[in-house]
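Me: I'd like to talk through the cysteines and the ligand site here. Can we go one step at a time?

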Amino acid sequence: MIKLDISKALTSAEEVAAMESRVYEAQKALEEGTCPGNDFLGWLHLPSGITAEFLTELQNCAQIMRDNCDTVVVAGIGGSYLGARAVIEALGNSFQWLTNKGENPNILFAGNNIGEDYLYELTTYLQDKNFGVINISKSGTTTETALAFRLLKKQCEQQRGKDMAKKVIVAITDAKKGAARTTADKEGYTSFIIPDNVGGRFSVLTPVGLLPIAIAGFDIAKLIQGAADMEKATATDVPFAENPAAQYAAVRNILYQQKGKKIEILANFQPKLHFMNEWWKQLYGESEGKDLKGIYPAAVDLTTDLHSMGQWIQEGERSIFETVISIETPEHSVLFPHDEENLDGLNFLAGKHVDEVNKMAELGTCLAHVDGGVPNMRLIVPRLNEYYLGQVIYFFEKACGISGLLLNVNPFNQPGVEAYKKNMFALLGKPGYEKETEAIKARL
Ligand code: PA5
């Protein structure tokens with residue numbers, strides 16, 4: 001199992017123990033569905049509720065895409081994209097896209113920005129590809145995704161013909177409402193439903209994440225098994241001291257509410273985890289940042305960013321704490337080479353595993369940061385595989401639900417996300433926004 005080490009979190013055992021009853025109340029409220037946002041608790045027992053039949057249905061769809069596509073574009077934004085990307089990049093070969101000999105389709109992502117050059121370059125790249133598309137949108141009306149999907153649908157139909165396009169375009173959306181549902185039904189696409197009671201950022205263990213992950217060639221049954229085991233390990237009846245999600249939620253709230261730590265930095269020492277950071281940022285940022293409250297979720301890739309953000313973390317304003325995702329064992333072996341001339345003076349490392357050097361960098365960094373007044377938590381993950389990633393995902397989700405309730409916010413809504421859309425539509429003159437258009441133009 002993954003483990004949480006809070007021994008360097010600069011919180012005393014008494015401070016943590018004092019949180020137990022509040023954490024228990026939060027867990028109970030989640031479990032009994034009495035908390036704010038209780039219509040969005042479908043994620044809570046998702047892993048244990050997924051059936052083998054449903055996984056087979058997803059795997060069958062993935063196989064059709066794998067048989068018919070060399071490239072699959074996942075169109076989605078926020079919760080409708082970050083989880084899949086996080087898992088695919090964490091498990092994939094860093095050079096997959098240059099070295100892939102056709103054993104797996106390349107997975108590309110679109111619909112997560114409005115970059116004209118990005119879309120030009122993507123559609124140009126796809127011109128000689130046998131590509132398929134997964135259109136993922138819970139609301140089915142998100143502009144970024146709808147724009148990309150319009151372009152990709154047309155291109156896929158033109159390049160591959162209507163019949164093949166029907167086979168290789170899949171929709172993952174609401175059961176009834178939204179443009180993505182209407183199009184899927186009208187065109188006869190295979191489609192999967194995002195359950196009503198699962199919000200975007202908690203949806204990676206639904207078809208939103210599972211289908212792209214399966215298409216990329218990874219074992220979604222193991223991912224779900226890992227998540228289900230973590231569901232058990234973080235259940236309400238697990239003693240507080242043994243429940244990693246409860247401990248993490250408690251410590252981050254002590255640091256925020258009692259010790260003035262307003263920013264949490266999620267750090268990894270594996271470049272493949274960059275998009276896990278991004279997924280985590282969305283999960284915590286969108287869940288907790290409201291009512292003028294919330295820990296600001298930041299992230300760094302180490303040791304890379306020690307050469308950019310290291311100075312700030314070590315000696316900047318003392319308003320931060322750090323959580324490190326630490327992978328215990330790498331999947332491959334590379335030794336530090338011996339060099340006759342030893343001009344860099346590094347022969348003392350010759351013959352050591354690169355990971356041993358990385359681990360000492362991790363330990364040294366942690367101690368330096370703690371000495372510099374940065375509380376540190378460490379999430380220890382035995383290996384970077386489907387099973388443990390499933391645990392990591394559920395661990396962070398469960399802790400996020402508890403943590404948001406400790407903060408007294410509704411962790412499951414995101415009212416603030418609408419503000420930019422309203423302005424954008426007003427500026428673009430969307431029909432129905434006439435009043436807003438007039439008001440915003442007066443401000444320019
Ligand atoms: O967490 C959320 O709910 C959001 O980030 C959504 O996932 C994001 O806005 C995309 O929405 P939709 O799936 O409706 O296109």
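Me: Is C400 buried or exposed?
Reply: Keep in mind this is a predicted model. Buried means a relative accessible area under 20%. C400 comes out at 0%, so it counts as buried.

Me: Which cysteine sulfur is closest to the one in C400, and how many disulfides are there?
Reply: A disulfide is a covalent bond between the sulfur atoms of two cysteines. Here a pair has to lie within 2.5 Å to count. The closest cysteine sulfur to C400 sits 12 Å away, in C35, so that's too far for a bond. For the model, the count of disulfides is 0.

Me: And C366, buried or exposed?
Reply: Use the cut-off of under 20% again. The relative accessible area of C366 is 9%, so C366 is buried.

Me: How much of the ligand does the protein bury?
Reply: Start with the contacts: a polar side-chain atom of Q282 is 2.5 Å from a ligand oxygen atom, and one of S80 is 2.6 Å from a ligand oxygen atom. G200 joins in with a polar backbone atom, 3.4 Å from an oxygen atom of the ligand. On its own the ligand exposes 380 Å², and the share buried by the protein is 88%.

Me: What kinds of residues make up the shell around the ligand?
Reply: The ligand takes up the space of the largest pocket. Of the 13 residues around it, those that come nearest are S80, S137, S139, T142 and Q282. Sorted by type, the shell holds 1 nonpolar, 9 polar and 3 charged.

Key
Residues are numbered from 1 along each chain as its sequence is written. This is a predicted model: local features need pLDDT of at least 70, side-chain atom pairs count only at pLDDT 80 or more; totals for chains, interfaces and linings use all residues. Side-chain values use heavy atoms; hydrogens and water are left out. Buried means under 20% relative accessible area, exposed over 50%, partly exposed in between (1.4 Å probe, protein chains only). A residue is near a molecule or strand if one of its heavy atoms lies within 4 Å of it. A polar contact is a pair of N or O atoms within 3.5 Å; within protein, one must be able to donate a hydrogen and the other to accept it, and residues adjacent in sequence count only if both atoms are side-chain atoms. Accessible areas come from the Shrake-Rupley method with a 1.4 Å probe; for residues, only the protein chains shown count as cover. On a 1 Å grid over the protein atoms alone, a cavity is a set of points where a 1.4 Å probe fits but cannot get out, and a pocket is an open set with protein on both sides within 12 Å along at least five of seven lines; lining residues have an atom within 4 Å of a point. A molecule sits in a cavity or pocket if more than half of its atoms lie within 2 Å of its grid points. Ala, Val, Leu, Ile, Met, Phe, Trp, Tyr, Cys and Pro count as nonpolar, Asp, Glu, Lys and Arg as charged, and the others, Gly among them, as polar.
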